[in-house]
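Here is a short walk through this model, written for someone who would rather look at side chains than at tables. Keep the structure open while you read.

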Amino acid sequence: MSLFSRDKQRVAVEETRRHTRGSHAPAVLPDIREQSEWDAGRASDALHAPLSAPVAGAALPKAARGRPLVVICRSGNRSQQAVGLLRARGVEAVDVEGGMRQRAAAGHSVVGPGGDEGSAA
């Protein structure tokens, strides 16, 4: 059974935690931004999976394989692209509307290097 309806392409920031947090959370939160953006700040429960990997046809990180994905980037543009690529491969995926910018604006934590407060770069 799918976590997301087939026609659902995006989720609001507020929905993200429900899908990715807790011991029974079925989805993984891949952050598809590149290394410098990831280093500047990320969601504490995110998995780094740069967009360049699926574009090149690389396999998903092991922790994301076989699980629904809630994909995030800086603003929601690249995550939409990633969702298209992933769905074409048969992966269940949606993107976070507004990305890390919206996440930070909504008051959700953004973790930087060493666990300090980061930036949504």
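A residue is called buried here when its relative accessible area is under 20%, exposed when it is over 50%, and partly exposed in between. Keep in mind that this is a predicted model.

## The two faces of helix H1

Start with the buried residues of H1, which are Val-13, Thr-16, His-19 and Thr-20. Because they cover an arc of only 100° around the axis, they sit on the same side of H1. Turn to the face pointing away from that buried side and you find the exposed residues Glu-14 and Arg-18. What do the buried residues of H1 pack against? Their partners are S1, strand S2 (29–31), S4, S5 and helix H5 (99–105).

Thr-16 is a good residue to click on. It belongs to helix H1, residues 13–20, and has a relative accessible area of 3%, so it counts as buried. Leaving out residues up to four places away in sequence, Thr-16 touches Val-11, Leu-29, Val-70 and Val-96.

## A sheet of three strands

Next, the open sheet: 3 strands, in the order S1-S5-S4, with parallel pairing. Strand S1 (10–11) and strand S4 (69–71) are the edge strands, each pairing on one side only. S4 and strand S5 (residues 93–96) are joined in the parallel sense over 3 bridges, and one of the bridge pairs puts Leu-69 with Ala-93 in S5. Helix H4 (residues 77–88) packs on this sheet and touches S1, S4 and S5, and the direction of H4 makes about 180° with that of S5.

On the other side of the pairing, S1 and S5 run in the parallel sense over 2 bridges. Arg-10 stands opposite Asp-95 in S5, and Asp-95 is also the bridge partner of Val-71. Following the chain from S4 through H4 to S5 gives a β-α-β crossover, and this crossover is right-handed.

## Asp-95 in strand S5

Asp-95 deserves its own stop. This residue lies in strand S5, and at 1% relative accessibility it falls below the 20% cut-off, so Asp-95 counts as buried. Which residues is Asp-95 in contact with, leaving aside its neighbours within four places in sequence? The list is Gln-9, Arg-10, Val-11, Val-71, Gly-76, Ser-79, Gln-80 and Val-83.

## Salt bridges

A search of the whole structure turns up 4 salt bridges. Among them is the one between the side chains of Glu-15 and Arg-18, at 3.3 Å from N to O. These two residues are separated by about one helical turn, because they are 3 residues apart in helix H1. Arg-18 has 57% relative accessibility, so it counts as exposed.

The pair Asp-31 and Arg-33 is another, with their side chains meeting at 2.8 Å, N to O. Are these partners buried or exposed? Asp-31 is buried, with a relative accessible area of 0%, and Arg-33 counts as buried too, at 0%.

Glu-37 also forms a salt bridge, this time with Arg-78, where the closest N and O atoms are 2.7 Å apart. That pair links distant parts of the chain: Glu-37 sits in helix H2 (residues 35–40) and Arg-78 in helix H4, 41 residues apart. Glu-37 counts as buried at 13% relative accessibility, whereas Arg-78, with a relative accessible area of 25%, is partly exposed.

## Ala-27, in a loop

The last stop is Ala-27, in the loop between H1 and S2. Is this loop residue buried or exposed? At 3% relative accessibility, Ala-27 counts as buried.

Setting aside neighbours within four places in sequence, Ala-27 is in contact with Leu-3, His-19, Thr-20, Arg-67, Pro-68 and Val-70. His-19 and Thr-20 are among the buried residues of H1. You can also check the spacing between Ala-27 and Gly-66: they are 39 residues apart in sequence and 9.7 Å apart in space, C-alpha to C-alpha.

Conventions: Residues are numbered from 1 along each chain as its sequence is written. This is a predicted model: local features need pLDDT of at least 70, side-chain atom pairs count only at pLDDT 80 or more; totals for chains, interfaces and linings use all residues. Side-chain values use heavy atoms; hydrogens and water are left out. Helices (H or I, at least four residues) and strands (E, at least two) are DSSP runs, numbered from the N terminus. Buried means under 20% relative accessible area, exposed over 50%, partly exposed in between (1.4 Å probe, protein chains only). Contact means heavy atoms within 4.5 Å. Two strands pair if DSSP finds at least two bridges between them. Axes are lines fitted to C-alpha atoms, for helices over the stretch in contact, and angles run from 0 to 180 degrees between N-to-C directions. The arc is that of the directions from the helix axis to the C-beta atoms. A crossover is right-handed if, with the strands pointing away from the viewer, the path from the first strand over the helix to the second runs clockwise.
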